[in-house]
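This briefing is for a reader who wants the layout of the model before setting up calculations on it. Please look over the sequence and the coordinates first.

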Amino acid sequence: MSSFLNVQGLRKSFGGHLVVLDDINFQMEAGERVVIIGPSGSGKSTLLRCVMGLEKIDKGRIELEGARYIEANPKSKKDNFVDIPVRNKVGMVFQHYTLFPHLTVLGNLILAPMRARGESRSSATERAMQLLDRLGLKSKAGAFPGMLSGGQKQRVAIARALLLDPKIMLFDEVTSALDPELVTEVEGVMLELAEQKMSMMIVTHDMWFAKRIATRVIFSADGRIIEDAPPAKMFTNPSEPRTADFLKKVLHVETIS
Ligand SMILES: Nc1ncnc2c1ncn2[C@@H]1O[C@H](COP(=O)(O)OP(=O)(O)OP(=O)(O)O)[C@@H](O)[C@H]1O
């Protein structure tokens, strides 16, 4: 089957016995925005990290646009097969800012395009400045991360991922470490990307934002995807009390109507 992103039979354990993801089969089409919700420890971050190629998987394969880029070796415990050029089409932003503190904002942005893609400094700088301008951060190009607010740092982290022209962006609780007043500016950037039809997988505990941005919502629990539906159905259909109960029970949140 050809999907934009295709996760087949994914199994991931830690230390050989803690099975965090068990036979995950998941497909998404280009332009979809899939929000993953579920109880703490249910493997949401691990799923994103596997799709990004940051975790060694036990079983399964992951394809992007029909190209296999990660596959477990079923016959041995050797490293996974990883197709780096395809994997590099996946961008990720983490909960905690991962900017290099000793580099300026511009320095952080142009490092990967120059190193990973062999882009010239002038070309990477030009693209970085355009992107910073678009995100309202042009005046911060020469600043060091320590001089920025949390919201600004996360916007720079998003810009850094975007500069590699990803086909899909993964967001792992990118606003949960931010003060409430800074959340909106980061969510605003994500909503802008949504308008531009960027494909996204988003882990968030913010149900209001999930409702706003998702084209699809997935519940993960006990190592599996247990529900997969459009958000309108998920959040508003009173004929599906199981959904409301689920949210209340596992996330300790009220459903939004
Ligand atoms: N590097 C690791 N080594 C060992 N165990 C790990 C590692 N990373 C995650 N785990 C475990 O895997 C399980 C899933 O973790 P994960 O962070 O994916 O859950 P989550 O659903 O994102 O949780 P939360 O909502 O709290 O962020 C947890 O039990 C966690 O302790």
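The points below cover the overall fold, the ligand shell, the sheet, one helix, the nonpolar core and two buried residues. The model is predicted. The protein chain has 257 residues, of which 38% count as buried, and it contains 9 helices and 11 strands. Of the contacts between residues at least 6 apart in sequence, 63% join residues at least 24 apart.

**Ligand shell**

- The ligand is surrounded by Phe14, Leu18, Val20, Gly38, Ser40, Gly41, Ser42, Gly43, Lys44, Ser45 and Thr46.
- By class, this shell holds 7 polar, 3 nonpolar and 1 charged residues.
- Two elements, strand E2 (18-28) and helix H1 (44-51), each supply at least two residues of the shell.
- H1 makes the largest contribution to the shell, with 3 residues.

**Sheet**

- Five strands form an open sheet in the order E2-E1-E4-E5-E6, with antiparallel pairing.
- Its edges are E2 and strand E6 (81-82), each of which pairs on one side only.
- E1 and E2 run antiparallel and are joined by 7 bridges.
- Within that pair, Ser13 stands opposite Val19 in E2.
- The same two strands form a hairpin with 3 residues between them, and Gly15 in the turn has a positive phi of about 65°.
- E4 and E5 pair in the antiparallel sense over 4 bridges, and Arg61 stands opposite Glu71 in E5.
- E4 and E5 also form a hairpin, here with 2 residues between the strands; Glu65 in the turn has a positive phi of about 50°.
- Strand E5 (residues 67-71) is joined to E6 by 2 bridges, again in the antiparallel sense.
- Across this last pair, Glu71 stands opposite Phe81 in E6, while Ile70 has Val82 as its bridge partner.
- Glu71 therefore has a partner in E6, Phe81, as well as facing Arg61 from its place in E5.
- In a regular strand, side chains alternate between the two faces of the sheet.

**Helix H1**

- H1 lies across strand E1 (5-14), E2 and strand E4 (59-64), and runs at about 60° to E2.
- H1 is mostly covered, with 6 of its 8 residues buried.
- The buried residues of H1 are Lys44, Thr46, Leu47, Leu48, Cys50 and Val51.
- Among them, Lys44 and Thr46 also belong to the residues around the ligand.
- After H1 comes Gly53, which has a positive phi near 80°.

**Nonpolar core**

- The largest nonpolar core has 62 residues; those touching the most other members are Val35, Ile36, Val51, Val93, Leu170, Phe171 and Met201.
- Helix H5 (residues 150-162) provides the largest share of this core, 6 residues.
- Val51, one of the residues with the most core partners, is also one of the buried residues of H1.
- Leaving aside neighbours within four places in sequence, Val35 is in contact with Ile202, Thr204, Ala210, Ile213, Ala214 and Val217.

**Two buried residues**

- Met28 is in strand E2.
- Met28 counts as buried because 20 other C-beta atoms lie within 10 Å.
- Not counting residues up to four places away in sequence, Met28 touches Ser3, Phe4, Leu5, Val34 and Ser199.
- Of these contacts, Leu5 is 23 residues from Met28 along the chain, with 5.3 Å between the two C-alpha atoms.
- Ala124 is found in helix H4 (residues 121-134).
- Ala124 is likewise buried because it has 20 other C-beta atoms within 10 Å.
- Not counting residues up to four places away in sequence, Ala124 touches Ile110, Pro113, Met114 and Glu119.
- Ala124 and Leu163 are 39 residues apart in sequence, and their C-alpha atoms are 8.2 Å apart in space.

Technical notes:
Residues are numbered from 1 along each chain as its sequence is written. This is a predicted model: local features need pLDDT of at least 70, side-chain atom pairs count only at pLDDT 80 or more; totals for chains, interfaces and linings use all residues. A residue is near a molecule or strand if its C-beta atom, placed from the backbone, lies within 6 Å of it. Ala, Val, Leu, Ile, Met, Phe, Trp, Tyr, Cys and Pro count as nonpolar, Asp, Glu, Lys and Arg as charged, and the others, Gly among them, as polar. Two strands pair if DSSP finds at least two bridges between them. Two residues are in contact if their C-beta atoms, placed from the backbone, lie within 7 Å. Axes are lines fitted to C-alpha atoms, for helices over the stretch in contact, and angles run from 0 to 180 degrees between N-to-C directions. A nonpolar core is a set of buried Ala, Val, Leu, Ile, Met, Phe, Trp, Tyr and Cys residues joined through C-beta atoms within 7 Å. A residue is buried if 20 or more other C-beta atoms lie within 10 Å of its own, exposed if 12 or fewer, and partly exposed in between; C-beta atoms are placed from the backbone.
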